[in-house]
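Open your viewer and load the model. We will walk through it one selection at a time, with a short note at each stop.

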Amino acid sequence: MKNSRAHKSSTGQHWEDIYRGSPLQQLPWEEGQPAKELVALIESGIVEKGAALDVCCGSGNSAVYLATQGFKCHGIDISPTAIGYARQKASKAGGKCELITGDVLQLPYPDNTFSLVFDRGCFHSIPPSDRQTYIQGIYRVLKPSGKYQLICFSTRDHRDGPPYAFSPKDIRHYFTLFKIHHIKEISKMRDGSKYYLLSVLMEKMTTA
C-alpha cells in the first residue's frame, strides 16, 4: 500500500509540475479544441446521450465539448492545475461538468455509470503493471454496451515509453472485455514532424 501511495504521489507531482511549468499552448496534447475523433463519434449519433467520462481530461477541451453536446459530463485528472483550467473553460462555455482531481486507477464512480468513456492519451501513460487495473476500472464504470473511445500512440513511432505505444494486436490482447468496433491509424503533425496514433472504438461486452 505504501508503494502504491508513493507511486501515485510521484505521478501526480510529475503531471502537476508539467501543468504548472508550461503554458498550455506548449503542451502538444493540449490542442485548444476537442479531439476531432471524439467530435466525429458524437456527430455519428451512435453514442447514447447520458453520462460521459473524460479520463486524464487535462484542461478540459473534450470534457467541455461533451457537456455542450448534451452529455452529463465528468472529467478526472491527477493534476489540480489541469482541473483548474478545465473548470475555467467549463464556466466560460456554460457547460456543466463535474471535474475532479483524482487517480484513474481508482475511479470514484459507481458501476455502470457512463454511456461513454473518452481517453485521449491516458492508457498510453499507464505503466504495464497497472494496465489491467486501469482496463477493469474503465469496464466497471461503463454501462452495458457503453462505448470506450481510446486514442493512443501507435508502434509505428517505435516508442519504448513512457508514454508507451501499441499495435492493433496489442489492443486486441489487452481489451478482451470489450467488443472492438474499429482500430484506425491516424497521423498528426508536431513541430513539423508527423507522428502516429491509434483511434479505437470499443463497446463493453457483458456475460450472460
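Before the first selection, a yardstick: buried means under 20% relative accessible area, exposed means over 50%, and partly exposed is in between (1.4 Å probe, protein chains only). This is a predicted model, in which local features need pLDDT of at least 70, side-chain atom pairs count only at pLDDT 80 or more, and totals for chains, interfaces and linings use all residues. Residues are numbered from 1 along each chain as its sequence is written, and side-chain values use heavy atoms, with hydrogens and water left out.

**Stop 1: Ser 145.** Select Ser 145, which is partly exposed because its relative accessible area is 40%. You will find Ser 145 in strand S5 (residues 142-154); helices (H or I, at least four residues) and strands (E, at least two) are DSSP runs, numbered from the N terminus. Now add Glu 203 and Lys 204: Ser 145 touches both, leaving aside residues up to four places away in sequence. Contact here means heavy atoms within 4.5 Å. Try a C-alpha to C-alpha distance to Met 202 as well: Met 202 and Ser 145 are 9.1 Å apart in space, although 57 residues apart in sequence.

**Stop 2: Gln 33.** Move to the loop between helix H1 (2-21) and helix H2 (36-44), where Gln 33 lies. Is Gln 33 buried or partly exposed? With a relative accessible area of 41%, Gln 33 is partly exposed. Its C-alpha is 5.3 Å from that of Asn 61, a residue 28 places apart from Gln 33 in sequence.

**Stop 3: the cores.** Next, select Val 55, Tyr 134, Tyr 148 and Phe 175, which touch the most other members of the largest nonpolar core, a group of 30 residues. A nonpolar core is a set of buried Ala, Val, Leu, Ile, Met, Phe, Trp, Tyr and Cys residues joined through side-chain atoms within 4.5 Å. Elements giving two or more residues to this core include strand S1 (51-55), helix H5 (131-141) and strand S8 (193-204). H5 supplies the largest share, 5 residues. A second, separate core has 29 residues, among them Ala 35, Val 39, Leu 116 and Ile 186.

**Stop 4: the whole chain.** Zoom out and colour by secondary structure to see 6 helices and 8 strands in the protein chain. Of its 208 residues, 49% count as buried. Among contacts between residues at least 6 apart in sequence, 69% join residues at least 24 apart. To frame the view, note that the C-alpha trace spans about 50 × 45 × 40 Å along its principal axes.
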